[in-house]
Every structure is written in C-alpha cells, then in structure tokens.
Amino acid sequence: ITDPASFVLPFIGTTNGGHVFPGATLPHGMVKVGMDTDSPGNQAGYDANATFNATGFSQLHDTGTGGAISLSNFKVWAFANCTSFEDCPTSLESRKTLRKILPDGSPDDFASPGYFSTNLSTGIRVELTSTRRTAIHRYTFPEGTTQPRMVVDITNDGPRTSTNPIMTLDPTTARVTGGAQFAASFGPGRYTAFTCVDFAGEGFELGHPTEFGTWLGNFPVQGQTDIDQLYFGFIDELGALFTFPPAPNGTPIVILARAGVSFISSEQACANAEEEISDFDFDRVQTENRATWNELLGRVQVDTTNVSTDMIQLFYSAIYRTHISPADYTGENPKWNSTEPYYDSYYCNWDTYRTLYSFMALHDPVTFSRIVRGMIDIQRHEGWLPECRGATAMQFIQGGSNGDPILGEFFVKFSDQAAGLNVSADDLYTALLADAELQPPNWNLQGRQADAWKQFNYIPQDMFDAGGANTKQVSRTLEHAFGDFTISQVAKILGKTDDFVKYTQRANNSFNVWNPDVSVPGTPSVAGMMQPRFKNGTFNFTDPRHCSVHDPEMATCFLNAANRDGFYESSPIVYSQYVPHDTAQLIQLQGGTDNFVSRLDFIFNESYFDVTDEPSMQIPFMYHYANVPGKSTQKSRQVIAQSFNTSVNGLPGNDGAMASYTAFYLAGMYPLPATRQILLSSPFFPSISFFNPLYNSTTTIKANGFEGNPVDGIGGKVFVQNVTVNGEPYKSNCFLEWDVFVNGSVIELALSDDPNVTCGSGDGAVPPSLSTGGYS
C-alpha cells in the first residue's frame, strides 16, 4: 500500500466518549490544530455531532483522554460580515456558529492525516495543517466579502481557566504575541503557554490591517495594541481583532494564519513559527506532513485480498491514532534546561503501558527510544518517572507507577541497541529503582506508596500516609507487582543477580491479596478473588461484582479520594485475572485449567468483561495459557466485531490505548510488556509485514488458507493449527519470540476452521509464566 494515509479515518471515535482528536498533527506532534465545538463532552475539542457549534480553531489539543476537557488553546476565528469593527461578536458564546450540513445530516467536515477542513454556515471555509510546533490555517471567505476580519483568542482554553494573560499586537504587521496560565485538566497544577500569530494573503498581498484592536468579552476596542490598556478584572475573555483590506480586482480572499506555540515564551513561539513555516506555504506543509505519516504508516503493510475496506481503514486508523500521543515537546520544557528529548501528554501510562509501546517497538523503536530518554530525564530532574502528564503539569496517578513497564519494555527488547540510541542503561535502571524504592512527597502525582509496599508486600487498606489518597489498594498492589517483574527483567539483562532475585520475589506480591474464600454471589464455583487486606494480614471484603454492570451499588471506581473499595475502574473479578507475568500460578489458584477456562467463560457470558476499559484488555487472550488458543482467537475477534467500527462512534470508550489495542488484535497478536514473547493468533489479513528501521528488517506473518473475516467474529477459517518460521516448524502455535522480529522472518500460519486447536505438543508450547521457568 503506497498511500496508507488514504485509509485513515480521523473521525473514528469523535463522538460517544471516544474523545479522539481529528485535526492536523504530525506523528507525536506538539501542535494539534483543530476545530473546537461547544458540546459538553469534547475532551479533544471536537464533536462530530452537527448540532454543536464551532467556536474556534485552536493549536493545542490532547486526544483520547477521560477526565475533563484539556488544552484547546489560542483559538483563531474569522468574520465575513460584521457590520462594523465594534459590532463583531468576539466572545466565545456570541461568535459560535454551526457548520454546513451534508445531505446525510453530518457536518461538512473532512480530515486526513495532517489535514482538516470544514465549511461553516457563514460561508467561510477553514483548512488546517501543521508542523511540530506550528499550525497554519487557511480561511477562504465567501464571494462578496469586503471587510475580512480575523480574531485571535488568547484566553479561552477548553475549560476556560485562564489567568494572568498577556498580549500585544502590532498594528502594522498584524502580529499577535501573548499567553496565559491555564489549569491542568487531570491534576492540581497549572501551566503557562504562549503563542505568536501572523497573517498573510494567499495569491495576493494582504497589506496592513485597516482596523485593529483588542477585545474584551463581546466588546472590541479599536486602536488598542496592548491588553494593559483594558480593565479585565471581571471578564476572562480577551484577544485581538483585525480588519484587512479586500483582495484586488475581485481576487478571492484567502487569508493564512500562522500560529507558533511555545511553553517557554511568546518570543520562542515566534521563532518556532519562523523556523518551521517561513514561507506561509500551506500546500507544502500539508504535503510534507502527509508524506511523514505515509512513511510511518507504510512500515506496516497488509495484503488486502478478501478483506473489506472497512477493516483496512480500521487498522490503519488505529496505527495512526497510536502515534498522536505522547507529544514531542523537545525544546519546550520550561522547568529545566536539557539536551535530552522531552515528551509530554502522557494520558496516562496506566492506559498505555499495556499495548502502545509494544506496538511502537514493532515499527518505530527510534521514537520509542526518544520517549524513554525523555522519561529518564524527567526522573533525573523530578525524582520519579512521569505517570500522567499534560502540558508540563503532573496529573493524577491512576494506578501503579506504570512508567516502569514502559522502560522495561524498551530495555528487554532493545538492550543491545540502547547505547546506540543514546539510552543509558545505568540511568534507565536508576530511574526504575527510584520508583521501586523511594516514596515521594505526593504519590498521588508520581512514584509509589513505596514504604508500605516494602513493609507489607502489598498496599494495606488501613494504611494512611500523608503523601496521598489511601485508595486503589488492591489494583495498585497488582500493578506494583507487575512493575517489579519488569524491573527484574532489566536486572537480569544487566547481570544484577541480587536485584533480579529481589524483584522477582516482589513480583509474587500479586498473590498476597488473593483470598481463596471469596466467590461471586450466587456463583460459588467462581471462587478465589483479589481482595483488600489490612495491615494485620486479615482481609476486608469487596463484593466481586463491585464496579461492574452487576454492581448493586452501581459504583464506577473512577478516580476519587473517597473511594475505599480497593479497586480502580474495574471489578474485583476482572482484577483477579491480572497477574500477566504469572498466569500459570493464577490458573493453579483458580483450580486448574478447566476451572480457569470456565471462569473466563463466565466473565464473558455474564458481561463482566468491560471492553471500554484497560484492565480487561488482556482477558480475551488469556485462554492461551490454558492451551485453548482457539477460544482466544474467537473472543478477540468478537471484541472487534461487536465493539469497534469506522464510524464517528466506533470506539466503545475514550481512546487512551484503544488504538494500539485494536491494532494488535487486527494483527493477530497481544503483547506482554518487558518480555520477549508476543501472544499469537490469526491476523485479519492474508499477510501482515512489519518493517523495523532499527534492525533494517521486515517480518511477515502469512495466514495460509485465509478466507476472510466473519462479520460477526464467530467461526470461520481463522484458527492457528500450526506455525513455521522461515520454513521450519516452530515451538509454539501460541506465541512468538522477539527474535523473529529482530532477524526478519517469514512466519506462516496454517489456518483451520476447527476451534479446538492447541498451542502444540512440546513442553514450551504454552506461553511462559514466572512460576514455570520464567522468560528467556
């Protein structure tokens, strides 16, 4: 596929709580320029529902977040028909307008990688594209416009939290510089951002503005150049307004707005804009942006024979969204000077550690290495690895210190290449140990409740420390244990034998919150459950149905300092499956493979599996560990068929990690971070290839006998009967070793329509667990 960007549908998940950003950005770009709407649930700024108004076109957004609206800073807007300068409705509420409506009832919006456009009901057409730190807008005014006017909005971020605004405009060049302080969307902090906006005509000389001024709320004041001249103590909306002369000789009026952004200063925002888009050439920027996306997306190639267009679109759209966040803020960190990369917009490691970085490892390890370097540099300066982070502000931790499995994933996969990628093994390990051993002053924002973890080998429910909210004790215990497992794998590679033993033992802390005497009410056969535990070793009780669709109390377990149930965003029955590094031991605790399989079936049949949230992500693939991979194949395909599609409401929940999750499922794989094994099923394509530029190798998975994908996800010739690698029989039908991707291999899957397939007959055919010999 030479133009994979043509299969990307950026509007997937822009309604129904997906919170997807559909505007223009580069892979991991800092600037994400897009439309903002006045819908109440528009965390990424935009809503595809045509009943909502457009309010502006801002330069910064985040994507796929839960919580609250974030960013949406420095909106630009255009007026074609104000009766006078002073009558222009500049406030957010007054200027908003509907988009044109297409015959099918959808708004007249279009998006593709690196490009967004809309036609407003005012007759103005707006187009957007970007470089890493700069956006360029193109406003085409309707025929007959005689006084085109442009607005720059300094203060209206998404949640409207600005304080301490600054702004100056140049009446000759129409340059606007300014910034303000804004509230973090998912934490207690605030951040300061700056912009620099310039205007130019396309196809004609724009000339000096004929009118200029500042505006406060709904009141433009002509002739003023500085907000210090305004009294804005009781109104928090302000910006700049310009009137430009019409184009000569009836030339269409097309005005370009170039908006540089910085978290350092408005001067740096101007320098960013001048460096990245000196020529105001919208088409050049768009072409280069799309080429960048095509090169990245093109590293993953699929055979499309007998595959629906929707499935191809779903796959490439998922890869595309995997590379929107985190964002490359290198050079834009106001907190310290460093030559290291700086990445931001971690929303949040709790969401992404399971799948995002493992998918990146397959085809974009260099960017992965830069993100890891940036995380290590944050630890170097702030003491602990970042967990949640947005616009340079710390955000609330959702679970454990989930930077640990991200660094572990990188090092286990790329330890041999780390030095060449400028990743210091010593600094990486130091960062991991800081998370594992040192308790921060506020473990709501970084690190762990490490002292209790080390003292009790679980997080007690009645342990009250001054450093954070005493919540999520069970889910944090499980995540800390997995984090320590990932540290043990790094220690093993580095030859730190004592630490390997230590953190391997701590990885077994998962089972310290296992209570064999708790069962699902009314279902005594589903017995044994992760439960909260007191300091004295006795257990408390949380109903296994808690935070599920069957919860009598209808609790959500979202982030709340008052929650005392022990779990975060999922039920005890789901978390009781979460020991990803030692599923074999979990199987024994749950009564053997037959009981384990029955328990998984119960989770699906009784709707405890929650496709909307990350703790359930691994569950469809867990049948692999019981040597019934056909069930994993069937369940994972049903997840796609029932919950994911290419519509604007095509995601079952906020995107978070759903992009990389979808991409893995469609590729017929599921990862376990910080190991060299990837669980294997059948891809949704006759073949799929991953080019890894670090290894300069291509690995191709061929699904021999592929006959298409059943629409409902049930049945079909999709079950893996046996596997060969480079023509030789492979040791397992259920997982691949990382070496096949390092060396570049041809992996051939013999497909069957018989779901009763197995992992194979050898001792090592079932995927490994810590208690059965560990990981090679």
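**A chat about the open sheet and the cores**

Colleague: Which strands form the open sheet, and in what order?

Modeller: In this predicted model, eight strands make up an open sheet in the order 4-5-6-7-15-11-10-9, and their pairing is antiparallel.

Colleague: Which strands stand at the edges?

Modeller: Those are strand 4 (109-112) and strand 9 (163-169), and because each has a single partner strand, one side of each is left without a neighbour in the sheet. On average, neighbouring strands of this sheet are turned by 15° against each other, with direction ignored.

Colleague: How many bridges join strand 11 to strand 15?

Modeller: Eight bridges hold strand 11 (residues 190-201) and strand 15 (residues 254-262) together, and the two run antiparallel. If you want one pair to look for, cysteine 196 has glycine 260 in strand 15 as its bridge partner.

Colleague: And which strands does helix 2 touch?

Modeller: Helix 2 (residues 266-276) packs on the sheet and touches strand 7 (134-140), strand 10 (176-183), strand 11 and strand 15, with its direction making about 125° with that of strand 15. Helix 3 (residues 282-297) lies across strand 4, strand 5 (115-119), strand 6 (125-130), strand 7 and strand 15, and it runs at about 55° to strand 6.

Colleague: Changing topic, which residues touch the most other members of the largest nonpolar core?

Modeller: That core has 134 residues, and Phe315, Leu428 and Met669 are the ones that touch the most other members. Helix 4 (residues 309-322) supplies the largest share of this core, eight residues. There is also a second, separate core of 68 residues, which includes Phe57, Val76, Phe79 and Phe85.

Colleague: What is leucine 428 in contact with?

Modeller: If we leave aside its neighbours within four places in sequence, leucine 428 is in contact with Val372, Ile376, Leu407, Phe410, Phe411, Val423 and Val490.

Colleague: Where do strand 26 and strand 27 come in?

Modeller: Both pair with strand 30 (residues 746-752), but strand 26 (residues 697-704) does so in the parallel sense over five bridges, whereas strand 27 (residues 719-725) does so in the antiparallel sense over six bridges. Within strand 30, glutamate 748 stands opposite lysine 702, and isoleucine 747 stands opposite valine 725.

Colleague: Last one: how many helices and strands does the chain have?

Modeller: The chain has 18 helices and 30 strands. Its radius of gyration is 27 Å, close to the 28 Å that the globule rule gives for 776 residues, so the chain is as compact as a globular protein of that length. Of those 776 residues, 65% count as buried.

Terms used: Residues are numbered from 1 along each chain as its sequence is written. This is a predicted model: local features need pLDDT of at least 70, side-chain atom pairs count only at pLDDT 80 or more; totals for chains, interfaces and linings use all residues. Side-chain values use heavy atoms; hydrogens and water are left out. A nonpolar core is a set of buried Ala, Val, Leu, Ile, Met, Phe, Trp, Tyr and Cys residues joined through side-chain atoms within 4.5 Å. Buried means under 20% relative accessible area, exposed over 50%, partly exposed in between (1.4 Å probe, protein chains only). Helices (H or I, at least four residues) and strands (E, at least two) are DSSP runs, numbered from the N terminus. Contact means heavy atoms within 4.5 Å. Two strands pair if DSSP finds at least two bridges between them. Axes are lines fitted to C-alpha atoms, for helices over the stretch in contact, and angles run from 0 to 180 degrees between N-to-C directions. The radius of gyration is taken over C-alpha atoms; the globule rule is 2.2 Å times the number of residues to the power 0.38.
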